[in-house]
Amino acid sequence: SFPDDAKGLLNASIDDPNPVLFFEHKALYRSIKSDVPDNLYNIEIGKGKIRKAGKDLTIISYGLAVHWAIENAMKLKNEIDIEVIDLLTIQPYDKEIISKSIKKTNRVIILHEANLTGGVGAEISAFINELLFEHLDAPVMRIASLDTPVPFSSNLEKEIYFPINRIEEKIKTIIKY
């Protein structure tokens, strides 16, 4: 989601004795800028970060969708106190940070850029339903891209395919539940 994390995770991937698949998001290269330390450092694989603390709702995300979550959390900050979790890695993902957050907020949205069906969000949702169900005050909600091929038109991709325009409505729906 952020350049400094990408560097730390890439270093950790290189140093890991096991095979690691490291996926880079091309759109983030051109859209997100921040300072990256010159020194050599690693970020632990499998550990997430809380990008924004909150008490009313947890949004779990990774990659570009973390920025969508933060934007919506800031937009709604006077109405809803949203916690945003950046998973950083999707296998393994940080079950501990998810558990602590859900026990605090009791509501969760899983937001990702990939298709809804068969995505990482479904796996995280299953984990939450199996092990954290008693801490939920509303059903787990997922927001993801449509289960269709990605449109060639960038306007269709942004306005229809990606879930950007559906996030605020889902947040308000889960809070009212």
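**Entry 1: a buried pair of neighbours**

I began with two aromatic residues that follow one another in the chain, and I noted that Tyr-161 is buried and that Phe-162 is buried as well. I should record at once that what I am looking at is a predicted model. For Phe-162 I looked up the relative accessible area, which is 11%, and because buried means under 20%, this residue counts as buried. I then turned to the two rings: the centres of Tyr-161 and Phe-162 lie 5.5 Å apart with their planes at 55°, so the pair is described as tilted.

**Entry 2: the aromatic cluster**

How many aromatic pairs does the structure hold? I found that there are three. One of them is formed by Trp-68 and Phe-162, and it is tilted, with 5.6 Å from centre to centre and 50° between the planes. This pair brings together distant parts of the chain, since Trp-68 sits in helix H3 while Phe-162 sits in the loop between H6 and helix H7 (167-176), with the two positions 94 residues apart. I also asked myself whether Trp-68 is buried or exposed. Its relative accessibility is 6%, so Trp-68 counts as buried. Taken together, Trp-68, Tyr-161 and Phe-162 make up one aromatic cluster.

**Entry 3: helix H3**

As Trp-68 belongs to helix H3, I went on to look at that helix. Its 12 residues should span 16 Å at 1.5 Å a residue, and I noted that the C-alpha atoms at its ends are 17 Å apart, which agrees with the expected value. I wrote down the buried residues of H3, which are Leu-64, Ala-65, Val-66, His-67, Trp-68, Ala-69, Asn-72 and Ala-73. What covers these buried residues includes H2, strand E1 (49-52), strand E2 (57-61), strand E3 (82-86), E4 and H7.

**Entry 4: the second largest pocket**

Trp-68 and Phe-162 turned up again when I looked at the pockets, for both are among the residues that line the second largest one. Its volume is about 220 Å³. Also in the lining are His-25, Lys-26, Ala-27, Arg-30, Leu-64, Glu-113, Ser-154, Glu-157, Lys-158 and Ile-164. Which elements supply at least two residues each? I found H2, helix H3 (64-75) and helix H6 (154-161). By class, the lining divides into five nonpolar, two polar and five charged residues.

**Entry 5: the largest pocket**

I then moved to the largest pocket, which has a volume of about 970 Å³. It is lined by 31 residues, and those nearest its centre are Leu-9, Phe-22, Phe-23, Glu-24 and Leu-88. The elements giving two or more residues to this lining are helix H1 (3-15), helix H2 (26-31) and strand E4 (108-115), and H1 gives the most, with seven residues. I sorted the lining by class and recorded 20 nonpolar, six polar and five charged residues.

**Entry 6: unusual backbone angles**

Most residues other than glycine have a negative phi, and most peptide bonds are trans. With that in mind I checked Leu-88, whose phi is near 65°, a positive value in a residue that is not glycine. Leu-88 lies in the loop between E3 and H4, and at a relative accessible area of 16% it is buried. Asn-106, in the loop between H4 and E4, likewise has a positive phi, of about 65°. Where did I find a cis peptide bond? One joins Gln-91 and Pro-92, with omega at about 0°, and Pro-92 is in the loop between E3 and helix H4 (95-105).

**Entry 7: two further prolines**

Last, I looked up Pro-3 and Pro-151. Pro-3 lies in helix H1 and is partly exposed, with a relative accessible area of 22%. Apart from its neighbours within four places in sequence, Pro-3 is in contact with Ile-32, Ser-34 and Val-36. The C-alpha atoms of Pro-3 and Pro-139 are separated by 33 Å, and the two residues are 136 residues apart along the chain.

Pro-151 is in the loop between strand E5 (141-145) and H6, and at 23% relative accessibility it counts as partly exposed. Leaving aside neighbours within four places, I found Pro-151 in contact with Leu-156, Glu-157 and Tyr-161, which took me back to the residue I started from. The C-alpha atoms of Pro-151 and Tyr-161, 10 residues apart along the chain, are 7.3 Å from each other.

Notes
Residues numbered from 1 in each chain as written. Predicted model: local features only at pLDDT ≥ 70, side-chain atom pairs only at ≥ 80, totals over all residues. Heavy atoms only, no water. 1 Å grid on protein atoms, 1.4 Å probe; cavity = no way out; pocket = protein on both sides within 12 Å on 5 of 7 lines; lining within 4 Å. Points joined across faces, edges and corners; volume = space filled by probe spheres on them. Helix = DSSP H or I, 4+ residues; strand = E, 2+ residues; numbered from the N terminus. Nonpolar A, V, L, I, M, F, W, Y, C, P; charged D, E, K, R; others polar. Phe/Tyr/Trp six-rings, centres within 6.5 Å; stacked < 30°, edge-to-face > 60°. Buried < 20%, exposed > 50% of the residue type's maximum accessible area, 1.4 Å probe, protein only. Expected span 1.5 Å × (residues − 1). Contact = heavy atoms within 4.5 Å.
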